[in-house]
Amino acid sequence: MAACIANSRSETSSTDPFTLDSSKCQISTRRRTQLCRFNLSNLVSGKTSNWGGKKVSNSSKTILHDEDEDGLWLKIQEEALHDLEQEPILFKYYYSSILSHVSLESALASHLAMKLSNAHIASDALMEVFLGVFCEDHEVRRAIRDDLKAVREQDPACISYVHCLLNFKGFLACQAHRVAHELWSQGRKVMALLIQSRISEVFAVDIHPGAKIGRGILLDHATGIVIGETAVIGDNVTILHNVTLGGTGKVSGDRHPKIGDGVLIGAGTKVLGSIRIGEGAKIGAGSVVLKEVPPKTTAVGNPSRLVEGKEKFVI
């Protein structure tokens with residue numbers, strides 16, 4: 001991992017072609033966009049090892065090709081360029097967050113590190129931690145892409161992949177948790193708990209690093225979500241704000257819910273104890289669930305009860 005992290009660091013040249021000074025202020029956004037597109041096409045075709053004045057790292061190249069040249073990452077870059085045509089004032093922000101990176105993993109690691117750093121925790125150190133996990137774990141890289149697609153396809157408020165990557169705190173909290181969970185699994189509990197704490201402070205999402213989360217996850221709005229240590233969440237699950245997957249007071253052991261694939265949990269719901277929510281089940285907003293919910297059924301109320309399919313479902 002050390003070698004991977006070391007290789008992931010970029011060396012910045014003395015001249016940055018994207019620096020905007022007063023003498024160049026007459027260059028149109030269209031021209032800058034064309035320049036970006038030219039460099040992007042060269043990057044994809046492998047004709048250059050330099051991107052925006054930064055050397056492309058070996059590990060970032062490996063990640064890019066490992067994901068089949070990553071059409072999703074290219075789409076994100078195209079969306080960033082399109083946004084700049086509308087809002088050129090954001091050029092430096094988009095360059096540092098998206099366009100200066102050669103892989104989705106590098107951009108995400110940098111963005112998370114910037115968000116979660118503080119006066120005593122350097123963003124460079126956090127980026128090494130995040131990028132190290134992304135570099136080593138193919139399943140995490142796959143989950144990142146599935147989560148991006150889930151948000152873009154299922155949340156009508158999400159206008160683009162780049163919008164999700166930069167602005168959706170539910171997505172960002174989930175990806176930071178994936179790193180914390182990997183560290184927890186490796187026995188690096190101090191670092192895992194530190195990341196959990198920063199996620200809670202910055203994104204208002206509290207997920208214990210021991211919790212297991214599948215792919216294609218949508219944490220919609222995300223504020224106030226609490227997920228306990230022994231919780232297990234399947235694939236393609238949607239969880240709205242103020243949801244708690246908690247315990248019932250049991251001191252230790254398996255004490256948190258198990259959420260099946262394709263489950264939808266409405267806002268303000270409390271699912272308590274080591275109970276199973278079956279595949280494809282739906283739980284209405286504000287419900288308190290203390291007993292198992294069978295697959296493909298709907299539960300509402302406090303305490304929750306199963307309802308017929310014709311009843312209105314509120315999330």
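Visitor: What makes the 6 strands an open sheet, and in which order do they stand?

Guide: In this predicted model, the 6 strands follow the order 5-8-11-14-16-17, with mixed pairing. Strand 5 (218-220) and strand 17 (305-307) are the edges; each has a single partner strand, so one side of each is left without a neighbour in the sheet.

Visitor: How do you know that strand 11 and strand 14 pair?

Guide: At least two bridges are needed for two strands to pair. Strand 11 and strand 14 (residues 282-283) have 2 bridges, in the parallel sense, so the requirement is met. Ile265 stands opposite Ile283 in strand 14.

Visitor: Why is Gly266 called buried?

Guide: Buried means under 20% relative accessible area. Gly266 has 0% relative accessibility, and therefore counts as buried. Gly266 belongs to the loop between strand 11 (264-265) and strand 12 (270-272). Its C-alpha atom is separated by 5.5 Å from that of Leu240, although the two residues are 26 residues apart along the chain.

Visitor: Is His111 buried or exposed, and what places it in that class?

Guide: His111 has a relative accessible area of 3%; the limit for a buried residue is under 20%, so His111 is buried. This residue is located in helix 6 (residues 104-116). Leaving aside residues up to four places away in sequence, His111 touches Tyr93, Ser97, Leu165, Leu166 and Leu172.

Visitor: Why is helix 7 called roughly perpendicular to helix 8?

Guide: The axes of helix 7 (residues 123-136) and helix 8 (residues 138-154) come within 5 Å and cross at roughly 100 degrees. Angles of 65 to 115 degrees count as roughly perpendicular, and therefore helix 7 is roughly perpendicular to helix 8.

Visitor: Which residues of helix 7 and helix 8 meet?

Guide: From helix 7, Val133, Phe134, Cys135 and Glu136 meet His138, Val140, Arg141 and Ile144 of helix 8. The residues of this contact comprise 5 nonpolar, 1 polar and 2 charged.

Visitor: How do you know where the pLDDT of the model is low?

Guide: The mean pLDDT of the protein is 84, and 76% of its residues reach 70 or more. Over residues 1-62, however, the pLDDT is below 50, and this stretch has 84 contacts in the model beyond near neighbours in sequence. Residues 64-69 also stay under 50, with 11 contacts beyond four places in sequence. Where pLDDT is low, predicted coordinates should not be read in detail.

Key: Residues numbered from 1 in each chain as written. Predicted model: local features only at pLDDT ≥ 70, side-chain atom pairs only at ≥ 80, totals over all residues. Heavy atoms only, no water. Axes fitted to C-alpha atoms, helices over the stretch in contact; angles between N-to-C directions. Helix = DSSP H or I, 4+ residues; strand = E, 2+ residues; numbered from the N terminus. Parallel < 35°, antiparallel > 145°, perpendicular 65-115°, else oblique. Contact = heavy atoms within 4.5 Å. Nonpolar A, V, L, I, M, F, W, Y, C, P; charged D, E, K, R; others polar. Buried < 20%, exposed > 50% of the residue type's maximum accessible area, 1.4 Å probe, protein only. pLDDT = per-residue confidence, 0-100.
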